[in-house]
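Look at how charged side chains pair up in the protein shown here. The text below takes a few such pairs in turn and asks where they sit.

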Amino acid sequence: MFQTYQYPQYDYRQSEEQKAGTVKRHKVVVIGAGPIGLTAALDFAQRGIPTVVLDDNNTVSIGSRAVCYAKRPLEIWDRLGCATRMIDKGIEWKIGKVFFRDDLAYTFDLLPEDGHKIPAFINLQQYYLEEYMVEEAQKSNLIDLRWKHKLLNLQQDDDHAVLTVETPDGVFKMEAEWVVACDGANSDTRKMVGAGFSGQFFQDRFLIADIIMKADFPTERWFWFDPPFHRGQSALLHKQCDDVWRLDFQLGWEADPEEEKKPENIIPRVKAMLGEDKEFELEWASVYQFACRRIDNFRYGRVLFAGDAAHQVSPFGARGANTGVQDIDNLGWKLKLVLDGDAPESLIDSYHTERAFAADDNLLNSTRSTDFITPKNEASRRFRDAVLDLSEVTDFAKPLVNSGRLSAPTPYVESPLNTADESSFAGNMTPGTCCADAPVNVNGEAAWFLNQIGDGFTLLIFGDEAAEDVTAGNVKARVLRVGKDLQDKDGTLAARYDAAPGTVYLIRPDQHVAARWRYFNDNKVEAALKTAMGGA
(Lines give C-alpha, C1' and ligand atoms only; values in the text may rest on other atoms or scores of the structure.)
Protein backbone atom coordinates (compact mmCIF):
# COMPACT_ATOMS: atom_id res chain seq x y z
CA MET A 1 0.00 0.00 0.00
CA PHE A 2 2.78 2.42 0.95
CA GLN A 3 6.25 2.76 -0.52
CA THR A 4 9.07 2.16 1.98
CA TYR A 5 12.66 3.37 2.04
CA GLN A 6 15.21 1.38 0.05
CA TYR A 7 18.44 1.06 1.99
CA PRO A 8 21.62 1.68 -0.02
CA GLN A 9 24.44 -0.85 0.14
CA TYR A 10 27.93 0.67 0.01
CA ASP A 11 30.77 -1.30 -1.50
CA TYR A 12 33.56 -2.69 0.64
CA ARG A 13 36.98 -2.10 -0.89
CA GLN A 14 40.29 -3.36 0.38
CA SER A 15 42.63 -0.44 1.00
CA GLU A 16 45.96 -0.20 -0.77
CA GLU A 17 47.79 -0.28 2.56
CA GLN A 18 46.13 -3.58 3.52
CA LYS A 19 46.89 -5.04 0.10
CA ALA A 20 50.54 -4.02 0.35
CA GLY A 21 50.88 -5.08 3.97
CA THR A 22 52.32 -1.70 4.92
CA VAL A 23 51.42 0.42 7.94
CA LYS A 24 50.37 3.90 6.85
CA ARG A 25 49.98 6.89 9.13
CA HIS A 26 46.94 9.11 8.51
CA LYS A 27 46.24 12.61 9.77
CA VAL A 28 42.81 11.75 11.18
CA VAL A 29 40.82 8.54 11.44
CA VAL A 30 37.12 8.78 12.37
CA ILE A 31 35.43 5.75 13.95
CA GLY A 32 31.78 5.46 12.90
CA ALA A 33 29.88 6.68 9.84
CA GLY A 34 26.71 7.82 11.56
CA PRO A 35 25.57 11.46 11.55
CA ILE A 36 28.41 12.61 13.81
CA GLY A 37 31.20 10.70 12.07
CA LEU A 38 30.01 11.90 8.66
CA THR A 39 29.77 15.47 9.93
CA ALA A 40 33.36 15.12 11.15
CA ALA A 41 34.54 13.90 7.76
CA LEU A 42 32.81 16.74 5.91
CA ASP A 43 34.01 19.40 8.35
CA PHE A 44 37.61 18.17 8.37
CA ALA A 45 37.71 17.88 4.58
CA GLN A 46 36.35 21.40 4.17
CA ARG A 47 39.24 22.58 6.34
CA GLY A 48 41.73 20.65 4.20
CA ILE A 49 42.32 17.70 6.56
CA PRO A 50 42.54 14.27 4.83
CA THR A 51 40.24 11.94 6.77
CA VAL A 52 39.66 8.18 6.84
CA VAL A 53 36.28 6.98 8.15
CA LEU A 54 35.92 3.41 9.43
CA ASP A 55 32.50 1.79 9.81
CA ASP A 56 31.77 -1.85 10.58
CA ASN A 57 28.56 -1.76 8.52
CA ASN A 58 27.87 -0.89 4.87
CA THR A 59 24.57 0.97 4.92
CA VAL A 60 22.78 3.81 6.68
CA SER A 61 20.96 3.49 10.00
CA ILE A 62 18.13 0.98 10.12
CA GLY A 63 14.88 2.67 11.08
CA SER A 64 14.32 6.40 11.31
CA ARG A 65 16.03 6.62 14.76
CA ALA A 66 16.90 10.30 15.34
CA VAL A 67 14.38 12.39 13.41
CA CYS A 68 14.38 15.90 14.87
CA TYR A 69 17.12 18.33 13.85
CA ALA A 70 17.52 21.83 15.25
CA LYS A 71 18.45 25.15 13.70
CA ARG A 72 22.10 25.26 14.80
CA PRO A 73 23.11 21.82 13.46
CA LEU A 74 21.32 22.66 10.23
CA GLU A 75 23.36 25.88 10.01
CA ILE A 76 26.51 23.78 10.42
CA TRP A 77 25.39 21.35 7.73
CA ASP A 78 24.58 24.37 5.55
CA ARG A 79 28.22 25.43 5.84
CA LEU A 80 29.19 21.87 4.88
CA GLY A 81 27.00 21.92 1.77
CA CYS A 82 24.30 19.38 2.62
CA ALA A 83 21.55 21.22 4.55
CA THR A 84 19.50 22.25 1.50
CA ARG A 85 18.64 18.65 0.63
CA MET A 86 17.80 17.90 4.26
CA ILE A 87 15.47 20.89 4.56
CA ASP A 88 13.85 20.28 1.17
CA LYS A 89 13.13 16.66 2.04
CA GLY A 90 12.32 17.15 5.71
CA ILE A 91 9.23 18.50 7.43
CA GLU A 92 9.71 22.02 8.83
CA TRP A 93 8.02 22.86 12.10
CA LYS A 94 8.22 25.30 14.98
CA ILE A 95 4.88 24.93 16.81
CA GLY A 96 4.46 22.48 19.67
CA LYS A 97 1.31 21.59 21.55
CA VAL A 98 1.06 19.94 24.94
CA PHE A 99 -2.17 18.15 25.94
CA PHE A 100 -3.22 17.11 29.43
CA ARG A 101 -5.85 14.39 29.53
CA ASP A 102 -8.52 15.62 27.09
CA ASP A 103 -7.48 19.26 26.82
CA LEU A 104 -4.88 21.46 25.13
CA ALA A 105 -2.72 22.81 27.96
CA TYR A 106 0.03 24.75 26.23
CA THR A 107 1.24 25.92 22.82
CA PHE A 108 4.77 27.17 22.05
CA ASP A 109 6.57 28.72 19.08
CA LEU A 110 10.28 27.92 18.80
CA LEU A 111 11.08 30.68 16.30
CA PRO A 112 8.55 33.50 16.60
CA GLU A 113 10.73 36.08 14.80
CA ASP A 114 11.45 36.40 11.07
CA GLY A 115 14.83 36.93 9.43
CA HIS A 116 16.37 33.44 9.59
CA LYS A 117 17.52 31.30 6.67
CA ILE A 118 17.26 28.02 8.57
CA PRO A 119 14.00 26.81 10.18
CA ALA A 120 13.66 26.16 13.90
CA PHE A 121 13.46 22.39 13.37
CA ILE A 122 13.01 19.81 10.68
CA ASN A 123 11.88 16.21 11.04
CA LEU A 124 13.76 13.85 8.76
CA GLN A 125 14.47 10.15 9.07
CA GLN A 126 18.09 9.49 10.02
CA TYR A 127 18.61 7.20 7.03
CA TYR A 128 17.99 10.12 4.64
CA LEU A 129 20.29 12.36 6.66
CA GLU A 130 23.11 9.83 6.47
CA GLU A 131 22.50 9.05 2.80
CA TYR A 132 22.83 12.73 1.88
CA MET A 133 26.01 13.11 3.90
CA VAL A 134 27.55 9.96 2.39
CA GLU A 135 26.83 11.29 -1.10
CA GLU A 136 28.43 14.63 -0.17
CA ALA A 137 31.46 12.85 1.32
CA GLN A 138 31.90 10.78 -1.83
CA LYS A 139 32.47 14.01 -3.79
CA SER A 140 35.59 14.84 -1.77
CA ASN A 141 39.05 13.50 -2.54
CA LEU A 142 39.99 14.19 1.09
CA ILE A 143 37.48 11.68 2.53
CA ASP A 144 38.16 7.94 2.43
CA LEU A 145 35.00 6.07 3.49
CA ARG A 146 35.87 2.51 4.43
CA TRP A 147 32.89 0.21 4.93
CA LYS A 148 33.12 -3.16 6.70
CA HIS A 149 36.13 -1.96 8.68
CA LYS A 150 35.80 -2.83 12.38
CA LEU A 151 38.17 -1.42 14.99
CA LEU A 152 39.44 -4.31 17.13
CA ASN A 153 42.14 -2.64 19.20
CA LEU A 154 43.77 0.72 19.77
CA GLN A 155 47.14 1.55 21.30
CA GLN A 156 48.68 4.98 21.76
CA ASP A 157 52.13 6.52 21.49
CA ASP A 158 53.06 10.13 22.22
CA ASP A 159 52.32 11.42 18.72
CA HIS A 160 50.02 8.82 17.16
CA ALA A 161 47.66 5.89 17.73
CA VAL A 162 47.94 2.38 16.28
CA LEU A 163 44.64 0.84 15.18
CA THR A 164 44.03 -2.85 14.58
CA VAL A 165 41.22 -3.18 12.05
CA GLU A 166 39.27 -6.19 10.80
CA THR A 167 37.88 -6.39 7.26
CA PRO A 168 36.46 -9.21 5.09
CA ASP A 169 40.06 -9.67 3.87
CA GLY A 170 41.54 -10.12 7.33
CA VAL A 171 43.17 -7.98 10.00
CA PHE A 172 45.66 -5.16 9.45
CA LYS A 173 47.16 -2.22 11.30
CA MET A 174 47.04 1.48 10.51
CA GLU A 175 48.20 4.61 12.33
CA ALA A 176 46.62 7.99 12.95
CA GLU A 177 47.89 11.25 14.36
CA TRP A 178 44.40 11.76 15.79
CA VAL A 179 41.43 9.43 16.24
CA VAL A 180 37.90 10.84 16.55
CA ALA A 181 35.54 8.31 18.11
CA CYS A 182 31.95 8.71 16.91
CA ASP A 183 30.87 5.12 17.55
CA GLY A 184 27.83 5.71 19.70
CA ALA A 185 26.66 5.25 23.27
CA ASN A 186 28.11 1.73 23.43
CA SER A 187 31.45 2.97 22.08
CA ASP A 188 34.08 0.22 21.85
CA THR A 189 36.72 2.94 21.45
CA ARG A 190 35.76 4.38 24.82
CA LYS A 191 36.28 0.98 26.42
CA MET A 192 39.65 0.57 24.69
CA VAL A 193 41.06 3.71 26.30
CA GLY A 194 39.51 2.95 29.69
CA ALA A 195 37.38 6.09 29.82
CA GLY A 196 34.77 6.61 32.48
CA PHE A 197 31.16 7.03 31.38
CA SER A 198 28.91 7.76 34.32
CA GLY A 199 25.50 9.22 35.03
CA GLN A 200 21.92 8.20 35.66
CA PHE A 201 19.79 5.41 34.20
CA PHE A 202 16.04 6.02 34.23
CA GLN A 203 13.75 3.19 35.21
CA ASP A 204 11.14 3.64 32.54
CA ARG A 205 10.62 2.25 29.08
CA PHE A 206 9.26 3.83 25.93
CA LEU A 207 8.01 2.39 22.66
CA ILE A 208 8.95 4.11 19.40
CA ALA A 209 6.72 3.21 16.48
CA ASP A 210 7.17 4.64 13.01
CA ILE A 211 4.05 4.19 10.92
CA ILE A 212 3.24 5.08 7.32
CA MET A 213 -0.16 6.70 6.84
CA LYS A 214 -1.99 9.46 5.06
CA ALA A 215 -3.16 12.04 7.58
CA ASP A 216 -3.96 15.74 7.61
CA PHE A 217 -2.63 16.52 11.07
CA PRO A 218 -0.67 19.80 11.08
CA THR A 219 3.14 19.71 11.06
CA GLU A 220 3.46 20.30 14.79
CA ARG A 221 4.92 18.44 17.76
CA TRP A 222 2.07 16.99 19.82
CA PHE A 223 2.79 15.68 23.30
CA TRP A 224 0.19 14.19 25.66
CA PHE A 225 0.23 13.69 29.40
CA ASP A 226 -2.31 11.08 30.55
CA PRO A 227 -4.25 11.04 27.23
CA PRO A 228 -7.58 9.20 26.94
CA PHE A 229 -6.01 6.62 24.61
CA HIS A 230 -3.06 5.85 26.95
CA ARG A 231 -4.13 6.62 30.50
CA GLY A 232 -1.56 7.31 33.17
CA GLN A 233 1.29 7.59 30.67
CA SER A 234 2.62 10.00 28.03
CA ALA A 235 2.63 9.93 24.22
CA LEU A 236 4.16 11.88 21.34
CA LEU A 237 3.28 12.40 17.68
CA HIS A 238 5.62 13.85 15.03
CA LYS A 239 5.34 13.97 11.25
CA GLN A 240 8.24 12.94 9.01
CA CYS A 241 8.56 12.92 5.25
CA ASP A 242 7.14 10.19 2.98
CA ASP A 243 3.98 10.05 5.13
CA VAL A 244 5.95 8.49 8.00
CA TRP A 245 4.83 9.43 11.51
CA ARG A 246 6.81 8.97 14.70
CA LEU A 247 4.80 7.79 17.70
CA ASP A 248 6.20 7.44 21.23
CA PHE A 249 4.37 5.64 24.01
CA GLN A 250 5.52 5.59 27.63
CA LEU A 251 5.27 1.98 28.84
CA GLY A 252 6.47 1.96 32.44
CA TRP A 253 9.38 0.07 33.95
CA GLU A 254 7.55 -3.24 34.27
CA ALA A 255 6.89 -3.56 30.52
CA ASP A 256 8.50 -6.49 28.69
CA PRO A 257 10.53 -4.96 25.81
CA GLU A 258 10.35 -8.04 23.59
CA GLU A 259 6.60 -8.35 23.99
CA GLU A 260 5.97 -4.65 23.42
CA LYS A 261 7.91 -4.70 20.11
CA LYS A 262 5.59 -7.32 18.62
CA PRO A 263 3.26 -5.91 15.94
CA GLU A 264 0.23 -7.52 17.55
CA ASN A 265 0.87 -5.40 20.67
CA ILE A 266 1.86 -2.19 18.87
CA ILE A 267 -1.08 -2.02 16.46
CA PRO A 268 -3.79 -1.78 19.18
CA ARG A 269 -1.93 1.11 20.79
CA VAL A 270 -1.76 2.94 17.47
CA LYS A 271 -5.44 2.33 16.76
CA ALA A 272 -6.35 3.63 20.21
CA MET A 273 -4.50 6.86 19.40
CA LEU A 274 -5.65 7.33 15.80
CA GLY A 275 -8.99 5.54 15.63
CA GLU A 276 -10.00 2.11 14.38
CA ASP A 277 -10.65 3.29 10.83
CA LYS A 278 -7.23 4.88 10.16
CA GLU A 279 -5.16 2.89 7.63
CA PHE A 280 -1.46 2.60 8.38
CA GLU A 281 1.54 0.31 8.07
CA LEU A 282 4.11 -0.31 10.77
CA GLU A 283 7.55 0.61 9.37
CA TRP A 284 9.86 0.26 12.38
CA ALA A 285 9.64 -0.09 16.12
CA SER A 286 11.94 -0.15 19.12
CA VAL A 287 11.66 -0.17 22.90
CA TYR A 288 14.24 1.81 24.79
CA GLN A 289 15.41 2.64 28.27
CA PHE A 290 17.44 5.81 28.40
CA ALA A 291 20.25 7.26 30.42
CA CYS A 292 21.92 10.62 31.00
CA ARG A 293 25.68 10.02 31.06
CA ARG A 294 28.94 11.75 30.10
CA ILE A 295 32.50 10.67 29.47
CA ASP A 296 34.96 11.88 32.11
CA ASN A 297 37.21 13.53 29.50
CA PHE A 298 36.54 14.22 25.82
CA ARG A 299 40.25 13.69 25.13
CA TYR A 300 42.34 10.61 25.91
CA GLY A 301 45.76 11.27 24.46
CA ARG A 302 45.37 11.15 20.68
CA VAL A 303 41.74 9.98 20.88
CA LEU A 304 38.86 12.47 20.91
CA PHE A 305 35.24 11.58 21.61
CA ALA A 306 32.13 13.11 20.07
CA GLY A 307 28.40 12.52 19.94
CA ASP A 308 26.87 9.64 21.91
CA ALA A 309 30.35 8.22 22.49
CA ALA A 310 30.95 11.27 24.69
CA HIS A 311 27.49 11.94 26.12
CA GLN A 312 24.13 10.23 26.21
CA VAL A 313 20.83 11.98 26.94
CA SER A 314 17.18 11.02 26.97
CA PRO A 315 15.40 11.63 23.66
CA PHE A 316 13.14 14.34 25.11
CA GLY A 317 14.32 17.61 23.61
CA ALA A 318 16.18 16.16 20.62
CA ARG A 319 19.56 16.81 22.24
CA GLY A 320 21.46 13.71 21.09
CA ALA A 321 22.55 14.07 17.47
CA ASN A 322 22.05 17.85 17.59
CA THR A 323 24.67 18.29 20.30
CA GLY A 324 27.00 15.78 18.65
CA VAL A 325 27.10 17.87 15.48
CA GLN A 326 28.09 20.86 17.62
CA ASP A 327 30.91 18.76 19.14
CA ILE A 328 32.42 18.42 15.68
CA ASP A 329 31.84 22.09 14.89
CA ASN A 330 33.88 22.91 17.99
CA LEU A 331 36.65 20.41 17.27
CA GLY A 332 37.38 20.75 13.55
CA TRP A 333 39.00 24.19 13.45
CA LYS A 334 41.08 23.46 16.54
CA LEU A 335 42.37 20.23 15.02
CA LYS A 336 43.27 22.09 11.82
CA LEU A 337 45.29 24.76 13.67
CA VAL A 338 47.16 22.12 15.68
CA LEU A 339 47.86 19.90 12.66
CA ASP A 340 49.22 22.92 10.77
CA GLY A 341 51.43 23.92 13.70
CA ASP A 342 49.63 27.26 14.07
CA ALA A 343 48.37 26.63 17.61
CA PRO A 344 49.69 24.66 20.58
CA GLU A 345 48.40 21.14 21.11
CA SER A 346 46.85 22.38 24.35
CA LEU A 347 44.18 24.09 22.21
CA ILE A 348 42.67 20.61 21.84
CA ASP A 349 42.07 20.56 25.59
CA SER A 350 39.63 23.46 25.17
CA TYR A 351 37.48 21.00 23.21
CA HIS A 352 36.82 19.15 26.46
CA THR A 353 36.40 22.39 28.41
CA GLU A 354 33.75 23.80 26.09
CA ARG A 355 31.90 20.68 25.06
CA ALA A 356 31.83 19.09 28.52
CA PHE A 357 30.25 22.35 29.71
CA ALA A 358 27.66 22.03 26.92
CA ALA A 359 27.11 18.35 27.66
CA ASP A 360 26.46 19.08 31.33
CA ASP A 361 23.94 21.74 30.31
CA ASN A 362 22.18 19.25 28.04
CA LEU A 363 22.25 16.53 30.69
CA LEU A 364 20.68 18.91 33.20
CA ASN A 365 17.89 19.91 30.80
CA SER A 366 17.34 16.32 29.71
CA THR A 367 17.14 15.09 33.30
CA ARG A 368 14.65 17.81 34.23
CA SER A 369 12.47 16.92 31.24
CA THR A 370 12.57 13.26 32.14
CA ASP A 371 11.66 13.94 35.77
CA PHE A 372 8.66 16.01 34.65
CA ILE A 373 7.48 13.43 32.11
CA THR A 374 8.04 10.45 34.42
CA PRO A 375 7.51 11.59 38.03
CA LYS A 376 9.37 9.42 40.54
CA ASN A 377 6.84 9.70 43.37
CA GLU A 378 3.28 10.76 44.06
CA ALA A 379 4.25 14.25 45.25
CA SER A 380 6.12 14.91 41.98
CA ARG A 381 3.15 13.67 39.99
CA ARG A 382 0.76 15.95 41.86
CA PHE A 383 3.04 18.94 41.24
CA ARG A 384 3.27 18.10 37.52
CA ASP A 385 -0.47 17.65 37.14
CA ALA A 386 -1.13 20.93 38.97
CA VAL A 387 1.26 22.74 36.61
CA LEU A 388 -0.53 21.23 33.60
CA ASP A 389 -3.95 22.18 34.96
CA LEU A 390 -2.85 25.76 35.67
CA SER A 391 -1.17 26.15 32.28
CA GLU A 392 -4.58 25.91 30.62
CA VAL A 393 -5.81 29.06 32.37
CA THR A 394 -2.74 31.06 33.52
CA ASP A 395 0.43 32.29 31.83
CA PHE A 396 2.80 31.92 34.79
CA ALA A 397 2.53 28.11 34.74
CA LYS A 398 3.27 27.68 31.03
CA PRO A 399 7.08 27.96 31.32
CA LEU A 400 6.99 25.23 33.98
CA VAL A 401 5.54 22.70 31.54
CA ASN A 402 8.37 20.44 30.43
CA SER A 403 7.65 17.91 27.70
CA GLY A 404 11.28 18.15 26.62
CA ARG A 405 13.19 21.46 26.51
CA LEU A 406 14.11 21.40 22.85
CA SER A 407 17.72 21.53 21.72
CA ALA A 408 19.39 24.93 21.71
CA PRO A 409 23.13 25.71 21.53
CA THR A 410 24.93 26.22 24.83
CA PRO A 411 27.02 29.44 24.99
CA TYR A 412 30.60 28.82 26.15
CA VAL A 413 30.32 31.59 28.70
CA GLU A 414 33.22 30.33 30.82
CA SER A 415 35.58 29.40 27.98
CA PRO A 416 39.27 30.30 28.34
CA LEU A 417 39.18 31.22 24.64
CA ASN A 418 36.88 34.20 25.30
CA THR A 419 37.96 37.80 25.81
CA ALA A 420 35.68 39.55 28.28
CA ASP A 421 33.65 42.60 27.30
CA GLU A 422 35.13 46.01 28.10
CA SER A 423 31.94 47.89 27.21
CA SER A 424 28.27 47.26 27.83
CA PHE A 425 26.23 45.42 25.18
CA ALA A 426 22.57 44.49 25.04
CA GLY A 427 21.25 41.27 23.55
CA ASN A 428 22.50 37.71 23.40
CA MET A 429 25.74 37.89 21.41
CA THR A 430 28.07 37.57 24.40
CA PRO A 431 31.54 36.01 23.94
CA GLY A 432 31.17 32.24 23.64
CA THR A 433 27.77 32.43 21.92
CA CYS A 434 27.17 31.13 18.40
CA CYS A 435 26.40 33.88 15.91
CA ALA A 436 22.81 34.70 15.04
CA ASP A 437 21.91 34.80 11.37
CA ALA A 438 20.27 37.78 9.65
CA PRO A 439 19.25 38.79 6.12
CA VAL A 440 21.88 40.83 4.25
CA ASN A 441 22.60 42.04 0.73
CA VAL A 442 25.87 41.21 -1.03
CA ASN A 443 26.60 42.92 -4.35
CA GLY A 444 22.95 43.86 -4.57
CA GLU A 445 21.75 40.30 -4.10
CA ALA A 446 19.82 38.91 -1.12
CA ALA A 447 21.99 36.71 1.09
CA TRP A 448 22.44 35.50 4.67
CA PHE A 449 24.97 36.66 7.20
CA LEU A 450 26.23 33.24 8.33
CA ASN A 451 27.10 32.34 4.76
CA GLN A 452 29.45 35.35 4.62
CA ILE A 453 31.62 34.56 7.66
CA GLY A 454 32.86 31.24 6.33
CA ASP A 455 34.95 28.87 8.42
CA GLY A 456 37.97 31.02 9.37
CA PHE A 457 38.43 33.85 11.85
CA THR A 458 36.36 36.91 10.90
CA LEU A 459 36.63 40.50 12.08
CA LEU A 460 33.12 41.91 11.68
CA ILE A 461 33.10 45.71 11.62
CA PHE A 462 30.00 47.87 11.50
CA GLY A 463 30.58 51.15 9.66
CA ASP A 464 33.56 52.61 7.82
CA GLU A 465 36.16 52.73 10.60
CA ALA A 466 39.67 52.16 9.21
CA ALA A 467 40.85 48.60 9.88
CA GLU A 468 42.88 45.87 8.20
CA ASP A 469 43.09 42.10 8.58
CA VAL A 470 44.75 41.11 11.84
CA THR A 471 47.19 38.21 12.02
CA ALA A 472 48.67 36.04 14.76
CA GLY A 473 51.49 33.95 13.34
CA ASN A 474 50.12 32.38 10.17
CA VAL A 475 46.47 32.83 11.14
CA LYS A 476 44.48 35.74 9.76
CA ALA A 477 41.24 37.32 10.96
CA ARG A 478 39.63 38.59 7.77
CA VAL A 479 37.85 41.95 7.90
CA LEU A 480 34.20 41.90 6.86
CA ARG A 481 32.57 45.33 6.79
CA VAL A 482 28.88 45.93 7.27
CA GLY A 483 28.14 48.78 4.87
CA LYS A 484 30.82 47.84 2.34
CA ASP A 485 31.26 44.06 1.94
CA LEU A 486 27.65 43.45 2.86
CA GLN A 487 24.60 45.57 3.57
CA ASP A 488 22.40 45.15 6.62
CA LYS A 489 19.21 44.50 4.70
CA ASP A 490 16.65 45.82 7.19
CA GLY A 491 18.62 46.59 10.35
CA THR A 492 18.16 43.08 11.75
CA LEU A 493 21.91 42.35 11.85
CA ALA A 494 22.72 45.50 13.82
CA ALA A 495 19.81 44.88 16.16
CA ARG A 496 20.82 41.30 16.92
CA TYR A 497 24.43 42.34 17.58
CA ASP A 498 23.58 45.60 19.38
CA ALA A 499 25.87 47.30 16.88
CA ALA A 500 26.54 51.02 16.54
CA PRO A 501 28.95 52.53 14.00
CA GLY A 502 32.43 51.30 14.93
CA THR A 503 31.32 48.11 16.73
CA VAL A 504 33.73 45.21 16.17
CA TYR A 505 33.21 41.46 16.64
CA LEU A 506 35.93 38.80 16.47
CA ILE A 507 34.26 35.60 15.31
CA ARG A 508 35.84 32.15 15.61
CA PRO A 509 35.98 29.59 12.76
CA ASP A 510 33.01 27.77 14.33
CA GLN A 511 30.99 31.01 14.11
CA HIS A 512 31.09 31.68 17.85
CA VAL A 513 31.84 35.12 19.21
CA ALA A 514 35.38 35.33 20.64
CA ALA A 515 35.40 39.03 21.59
CA ARG A 516 33.69 42.36 20.84
CA TRP A 517 34.44 46.05 21.25
CA ARG A 518 32.83 49.39 20.59
CA TYR A 519 35.81 50.50 18.49
CA PHE A 520 38.69 48.91 16.57
CA ASN A 521 42.09 48.52 18.21
CA ASP A 522 44.51 46.24 16.39
CA ASN A 523 46.49 45.38 19.53
CA LYS A 524 43.36 44.31 21.38
CA VAL A 525 42.13 42.30 18.40
CA GLU A 526 45.50 40.55 18.05
CA ALA A 527 45.54 39.69 21.76
CA ALA A 528 41.98 38.31 21.54
CA LEU A 529 42.89 36.32 18.42
CA LYS A 530 45.82 34.73 20.24
CA THR A 531 43.58 33.95 23.21
CA ALA A 532 41.02 32.31 20.91
CA MET A 533 43.82 30.16 19.47
CA GLY A 534 44.77 28.83 22.89
CA GLY A 535 47.47 31.36 23.60
CA ALA A 536 49.35 30.79 20.33
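In this predicted model, Lys336 is partly exposed, at a relative accessible area of 23%. Its salt-bridge partner is Asp340, and the closest N and O atoms of the two are 3.1 Å apart. Asp340 is partly exposed as well, with a relative accessible area of 41%. Side chains of opposite charge can pair when their charged atoms come close.

A second pair is formed by Arg508 and Glu354, whose closest N and O atoms are 2.8 Å apart. Arg508 lies in the loop between β28 (504–507) and β29 (513–517), while Glu354 belongs to helix α10 (residues 349–373), so this salt bridge ties together parts that are 154 residues apart in sequence. Are these two residues buried or exposed? Arg508 is buried, because its relative accessible area is 1% and the cut-off for buried is under 20%. Glu354 also counts as buried, at 1% relative accessibility.

Asp421 and Arg516 make a third salt bridge, with 2.8 Å from N to O. This pair links distant parts of the chain, 95 residues apart: Asp421 is in the loop between α11 (378–391) and β22 (439–442), and Arg516 is in strand β29. Asp421 is partly exposed, with a relative accessible area of 31%, whereas Arg516 is buried, at 2%.

Salt bridges can also share partners. Asp43, Arg47, Lys71, Arg72, Glu75, Arg79 and Asp329 are joined in this way into one network. Across the whole structure, a search finds 47 salt bridges.

Technical notes:
Residues numbered from 1 in each chain as written. Predicted model: local features only at pLDDT ≥ 70, side-chain atom pairs only at ≥ 80, totals over all residues. Heavy atoms only, no water. Salt bridge = Lys/Arg side-chain N within 4 Å of Asp/Glu carboxyl O. Buried < 20%, exposed > 50% of the residue type's maximum accessible area, 1.4 Å probe, protein only. Helix = DSSP H or I, 4+ residues; strand = E, 2+ residues; numbered from the N terminus.
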